[in-house]
Amino acid sequence: MSMKKIFTTLFCAVMCTASSLAAITVTAGGKTVENGSEIVLTKDDFKVMQLGPTMCRITAAVELQVSTTNAPLDFTARTDNAQLQCCPEQCIEFGDTPGADGFYTGTKHVNSASVTCPVDVAFMQASNEIPVMKSTMIVEIKDGASSTFQVRVVFNTKDAGVDAVEKDAESLTVSGNVLNYNVEGEQVVNVYDLSGNSVFSAPIAGAGSLSLASLPAGLYIVSTPSRTIKVTLQ
């Protein structure tokens, strides 16, 4: 899995151009998102996690619930940073070359009338200093009746005041098929499928990583006594 698909700024914007607007509904945090609107990530959306003495990870997450009366759904994401990511069920991978407008483009076909699209910003920094990062992603959603919806998600860590966010000593993240962890003491990490069945378990301590490549592609719940995350393995 390429770095541009996984790390650094992972971003979703949901945008679609306009006929039959009522056919596609998008909500975020229980609130309706208007077609053509902009979501600006704020300090409260960000979290800084210390992964080691010289490494930190900054993340922000918004979940967009997308539904339509006309399946399937097609996502077209455009970003000014090839390392941003939009994830309807599985991650969108962007092309290596930007278009004439400077934006990278990726597409995803989802054979469903309803999907949760995590809008994540996640980037690594090889020092304790939090970098100034700003970027934009535009995502267009089209359904089976050619209705479209569009949302723009933008962030600027300096404007958001992310440098003031308190760092968290513990973290649990997945990049591609690798689980990265930083925990206090000795713990056990468990991976469950969406039916609640345990499919992987291992002892962990301190900071490190585990390969989850033995698991089939799909959605999983990764859990420790102090952290629980939902991940997509490719």
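Here are a few notes on the cores and salt bridges in this predicted model.

1. Start with the inside. The largest nonpolar core has 35 residues, and among those with the most contacts inside it are Val26, Val33, Leu64 and Phe75. Many strands chip in: E1, E4, E5, E6, E7, E8, E9 and E10 each give two or more residues. Strand E5 gives the most, with five.

2. Have a look at Val33 as a sample core residue. Leaving aside residues up to four places away in sequence, Val33 touches Val26, Thr27, Ala28, Ile39, Leu64, Phe149 and Val151. Another core lies apart from the largest one; this other core has 16 residues, including Leu172, Phe200, Ile204 and Leu212.

3. Now for the charged pairs: the structure holds two salt bridges. In one of them, Glu38 pairs with Arg152, and the closest N and O atoms are 3.2 Å apart. Glu38 sits in strand E3 and Arg152 in strand E10, so this pair ties together parts that are 114 residues apart in sequence. Glu38 is partly exposed, at 46% relative accessible area, and Arg152 is partly exposed too, at 28%.

4. The other pair is Asp101 with Arg78, whose side chains meet at 2.2 Å, N to O. Asp101 is in the loop between E6 and E7 while Arg78 is in strand E6, so the parts this salt bridge ties together are 23 residues apart in sequence. As for exposure, Asp101 is partly exposed with a relative accessible area of 45%, and Arg78 is partly exposed with 23%.

Key: Residues are numbered from 1 along each chain as its sequence is written. This is a predicted model: local features need pLDDT of at least 70, side-chain atom pairs count only at pLDDT 80 or more; totals for chains, interfaces and linings use all residues. Side-chain values use heavy atoms; hydrogens and water are left out. A nonpolar core is a set of buried Ala, Val, Leu, Ile, Met, Phe, Trp, Tyr and Cys residues joined through side-chain atoms within 4.5 Å. Buried means under 20% relative accessible area, exposed over 50%, partly exposed in between (1.4 Å probe, protein chains only). Helices (H or I, at least four residues) and strands (E, at least two) are DSSP runs, numbered from the N terminus. Contact means heavy atoms within 4.5 Å. A salt bridge is a side-chain nitrogen of Lys or Arg within 4 Å of a carboxyl oxygen of Asp or Glu.
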